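Biologist: Could you take me closely through the second largest pocket of this model, its volume, its lining and the elements that contribute to it? I would also like to hear about one residue from a contributing element, and about the enclosed space in the model.

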Amino acid sequence: MWCLVELLAILAFLQAPHFAWVSGHQQQQKKNDDDDALAAAAQVLELTDTGLEAALNRYDYLLVDFYAPWCQHCKTLAPELDVAAPLLADDSKPIIVAKINADKYRNVAEKYDISFFPTMKLFTNGYPTDQYQGPHHAHALVSYARRLTAPAIQVFQSESALHKFIESMVSSSELPLFVGFELEVSNLERFAHKFRSKAWFAAVVGEYSEKAMADFSFSKIPALVVLHGQQYEEIQDVFYGPFQGHDFEDFVKQNLLMLVTPLNADNLNIFKEDGRPNVVAVLENDTTPKSKALIEKMKAAAPANRAFVFSYVVASEWPKFVRPFKLGKKPKLPTIVIWDDNYYSKSSNAEAFTGDIVESELSKLLQDFKDKRLKQEKLQAPSFYEKAMENNASFLQFVGMLVVMSITIWTKNRAKRSSQVNTNPEENNPIAQPNGEDAGADKED
């Protein structure tokens, strides 16, 4: 018996290094696989239809670009995704960036209701959120994705925790930040869920100093403060209640945009969704003292005119947007139009928005619009050529398809005619005789 026990002990001793080596090898292999997965996640993944389903099962958070290879906007977006991918993959909750040719994989486009390109959706545990409608640049994409993977509302016990959050999480955010001081968290949480993809929400429920009141520009409590800007350097507005009913919701909705927002193709849908008439300053450029002064005057007017949303556009950077307002080939800029759905109004004074009269003229324009004293004109519809050339590649693809169809039909018709000729050679022979005897035979006789 003792010999058997000793033998087993010896065998166990001999096997132990092998088991240790196998275990160590497996752990090293798993580490290598994890490292490879992280390296791959730092790049934009190109997926097929089956690859998309596999990725949705593998990753908790997947930001997917549904694109078409002929789409110019998709081509512009691609390098921004390359910048965003490693930033999002490095988060504590990694967000993987991927893209799929939805023009090729039509089954995917139908399944996820993709009607235009590019369309971006964030998938959380396999479930899609609403499509992204913000600017198509890396910082905005990162901000959007991080927002949707974070809690609906952040609750802090001190002002220092709030400052730390601003510095570490959203210092480069494109989204506004709503901060409640001694505000019932449940009241704010309702809007935090409703506008989750459009803003950050936070509540400070602990102690704060007089310095915090100065830093965040509120004079009493409870208060809701709105911060905007690249580093949240701008205190846009403060709301003191009531924190029930339509006034509260209207305040949140009206502050989702900056007081005066640069208007471009990326954020156009946000203005359309807002629904308020848009006071648009059309500028020669946005760097001259004249243009900056006009923007500042609009910022000053915005809080008192919440029935409007205010924006500006540089005419030379987006002529297709400006053209329907019929400002002329050589318009006097800067000028202001009020765009409301398919109609617009403008001042009859070409010199109204320069010099010392800007403030009074702007106030008069807004009041005349409210009182319906301004003439409303219908937006000029784009020509067929402009519509066709909105996406050159798409238009050329359409023309190419028509050419191929025409050639196919012509070839089939030609083949059909040729077939008919070959089937009845005598009938189609101009020198054939009625009884099957040709002219040559008669002549020969």
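Modeller: What follows describes the pocket, then one lysine, then the cavity.

This is a predicted model, in which local features need pLDDT of at least 70 and side-chain atom pairs count only at pLDDT 80 or more, while totals for chains, interfaces and linings use all residues. Residues are numbered from 1 along each chain as its sequence is written, and side-chain values use heavy atoms, with hydrogens and water left out.

The second largest pocket has a volume of about 1,100 Å³. A pocket here is an open set of points on a 1 Å grid over the protein atoms alone, with protein on both sides within 12 Å along at least five of seven lines, whereas a cavity is a set of points where a 1.4 Å probe fits but cannot get out; lining residues have an atom within 4 Å of a point. Grid points are joined across faces, edges and corners, and a volume is the space filled by probe spheres set on the points. The pocket is lined by 39 residues, of which Leu 175, Ser 197, Lys 198, Leu 256 and Ile 270 are the closest to its centre. Two or more lining residues come from each of helix 5 (138–149), helix 7 (185–194), helix 9 (246–254), strand 11 (260–262) and helix 10 (268–274), where helices (H or I, at least four residues) and strands (E, at least two) are DSSP runs numbered from the N terminus. By class the lining holds 13 nonpolar, 16 polar and 10 charged residues, with Ala, Val, Leu, Ile, Met, Phe, Trp, Tyr, Cys and Pro counted as nonpolar, Asp, Glu, Lys and Arg as charged, and the others, Gly among them, as polar.

Lys 253 belongs to helix 9, and it counts as partly exposed because its relative accessibility is 38%, between the limits for buried (under 20%) and exposed (over 50%), taken with a 1.4 Å probe on protein chains only. Leaving aside residues up to four places away in sequence, Lys 253 touches Phe 195, Asp 274 and Arg 276, contact meaning heavy atoms within 4.5 Å. Lys 253 and Asp 274 are 21 residues apart in sequence, and their C-alpha atoms lie 8.0 Å apart in space.

As for enclosed space, there is 1 cavity of 30 Å³ or more, and the largest cavity has a volume of about 60 Å³. Its lining includes Gln 254, Leu 257, Arg 276 and Phe 310, and by class this lining has 7 nonpolar, 2 polar and 2 charged residues.
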